[in-house]
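Visitor: I would like to learn how to read a fold, feature by feature. Where do we start?

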Amino acid sequence: LWRWSRALHDGRVLQPGTYRRMVTPEGAAAAAGYGYGIAAGPVRGEAALRHGGGIHGYTSVLLELPGQRITVVLLRNSD
């Protein structure tokens, strides 16, 4: 997941315009800070990009602090 995050945020996965739309809140989801796939909003005063998910018994969060090039991956059994 760290390698995926680095490739995505370093511009090796999507065209620049597509990436901007993915991380820029717009439309009905703008109030929640959600773009086309990734939520944008501060974490302790730092700009952050995040996406979470889950399914029966499992939750996850992938958080990126682009200004510091820090990636945090949380994987958790939730049962």
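Guide: Start with the order of elements. This is a predicted model. Along the sequence, the protein chain reads α-α-β-β-β-β. That gives two helices and four strands.

Visitor: What does the C-alpha trace of the protein chain span along its principal axes?

Guide: About 40 × 30 × 25 Å.

Visitor: How much of the protein chain counts as buried?

Guide: Burial is judged by relative accessible area, with a cut-off of under 20%. Of the 79 residues, 24% count as buried. The protein chain exposes about 5500 Å². Carbon and sulfur atoms supply 58% of that area.

Visitor: Now a single helix. Which residues of α1 are buried?

Guide: Helix α1 covers residues 2–9. Its buried residues are Ser 5, Arg 6, Ala 7, Leu 8 and His 9. Next, look for their packing partners. The buried residues of α1 pack against the helix α2 (16–23) and against the strands β2 (46–55), β3 (58–65) and β4 (70–77).

Visitor: What follows α1?

Guide: Gly 11 does, and its phi is positive, near 85°.

Visitor: Which residues make up the largest nonpolar core?

Guide: A core of this kind is a set of buried nonpolar residues joined through side-chain atoms within 4.5 Å. Here the largest one has six residues: Leu 8, Tyr 19, Met 22, Val 23, Ile 38 and Leu 49. Helix α2 gives the most to this core, with three residues.

Visitor: Take one core member, Leu 49. What does Leu 49 touch?

Guide: Leave out residues up to four places away in sequence. Leu 49 then touches Tyr 19, Val 23 and Ile 38, which also belong to the core. Its other contacts are His 9, Ala 39, Ala 40, Leu 62, Leu 63, Glu 64 and Pro 66.

Visitor: How do contacts spread along the sequence?

Guide: Consider contacts with a separation of 6 or more. In the protein chain, 17% of these join residues 24 or more positions apart.

Visitor: On to strand pairing. Do β1 and β2 run parallel or antiparallel?

Guide: Antiparallel. Strand β1 spans residues 39–43, and five bridges join it to β2. One bridge pairs Val 43 with Glu 46 of β2. The hairpin has two residues between the strands. In that hairpin, Arg 44 takes a positive phi near 50°.

Visitor: Last, charge. How far apart are the mean positions of the positive and negative charges?

Guide: They are 3 Å apart. The protein chain has 9 positive and 5 negative charges.

Conventions
Residues are numbered from 1 along each chain as its sequence is written. This is a predicted model: local features need pLDDT of at least 70, side-chain atom pairs count only at pLDDT 80 or more; totals for chains, interfaces and linings use all residues. Side-chain values use heavy atoms; hydrogens and water are left out. Buried means under 20% relative accessible area, exposed over 50%, partly exposed in between (1.4 Å probe, protein chains only). Contact means heavy atoms within 4.5 Å. Accessible areas come from the Shrake-Rupley method with a 1.4 Å probe; for residues, only the protein chains shown count as cover. Lys and Arg count as positive and Asp and Glu as negative; His and the chain ends are not counted. The place of a charge is taken as NZ of Lys, CZ of Arg, CG of Asp or CD of Glu. Two strands pair if DSSP finds at least two bridges between them.
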